[in-house]
Amino acid sequence: MYEGSDYASVGNDRVWVEVCDMENDGNGVYGKFQLYGSATWHYVGDGNGSQGGCGNRTFTNRVIVFYVLRTLSVRTPAGAGSSNGEPAWRQRMAGQPSQRGTRWRAAERG
């Protein structure tokens, strides 16, 4: 799933995911993943911006829905976030009615 040149992907095993920031535009990128049998969202980001390397994670259950999101106005410092991987800027927006400051695309995998 792409947002411009940035992307989030799920491996063929549906438990390994990767998120890559491929644009040197000052906007961060992260993936939002939902697992089979769970209503909880899990977040994986590319903590070094457009530099080499991507963010990845292996989950214990298969991914059924995922989004790729790009921050538009607030840049998350590398490594910032909560213990569950949720970006710090998203924590600050908790309880607000929308995810202002992001663009998103979704994919469903069965």
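A residue counts as buried when its relative accessible area is under 20%, as exposed when it is over 50%, and as partly exposed in between. With that scale in mind, the reader can turn to the structure above, which is a predicted model.

Taken as a whole, the protein has 110 residues, and buried residues make up 42% of them. Its accessible surface comes to about 6000 Å², and carbon and sulfur atoms account for 47% of that area. The protein contains one helix and eight strands, and these elements follow one another along the sequence in the pattern β-β-β-β-β-β-β-α-β. Among the contacts with a separation of 6 or more, 64% join residues that are 24 or more positions apart.

Some of the strands can be followed into a sheet. Strands of a sheet pair through backbone hydrogen bonds, either parallel or antiparallel. Here, four strands form an open sheet in the order 1-2-3-6, and their pairing is antiparallel. Strand 1 (2-3) and strand 6 stand at the edges of this sheet with a single partner strand each, so one side of each is left without a neighbour in the sheet. At one of these edges, strand 1 is joined to strand 2 (residues 6-10) by two bridges in the antiparallel sense, and Glu3 has Asp6 in strand 2 as its bridge partner.

A covalent link also belongs to the picture. A disulfide is a covalent bond between the sulfur atoms of two cysteines. The model has one disulfide, formed by Cys20 and Cys54, whose sulfur atoms are 1.7 Å apart. The link of Cys20 and Cys54 is right-handed, with 110° about the S-S bond. Because Cys20 lies in strand 3 (residues 16-20) while Cys54 lies in the loop between strand 5 (41-45) and strand 6 (55-58), the pair ties together parts that are 34 residues apart in sequence. The two cysteines can also be placed on the scale given at the start: Cys20 has 0% relative accessibility and therefore counts as buried, whereas Cys54, at 31% relative accessibility, counts as partly exposed.

Strand 5, which precedes the loop holding Cys54, is also the place of His42. The relative accessible area of His42 is 16%, so this residue is buried. When residues up to four places away in sequence are not counted, His42 touches Gly31, Lys32, Phe33 and Leu35, and also Arg57 and Phe59. Of these contact partners, Arg57 falls within the residue range of strand 6 (55-58), the strand that stands at an edge of the open sheet.

Technical notes: Residues are numbered from 1 along each chain as its sequence is written. This is a predicted model: local features need pLDDT of at least 70, side-chain atom pairs count only at pLDDT 80 or more; totals for chains, interfaces and linings use all residues. Side-chain values use heavy atoms; hydrogens and water are left out. A disulfide is a pair of cysteine sulfur atoms within 2.5 Å. Buried means under 20% relative accessible area, exposed over 50%, partly exposed in between (1.4 Å probe, protein chains only). Two strands pair if DSSP finds at least two bridges between them. Contact means heavy atoms within 4.5 Å. Accessible areas come from the Shrake-Rupley method with a 1.4 Å probe; for residues, only the protein chains shown count as cover.
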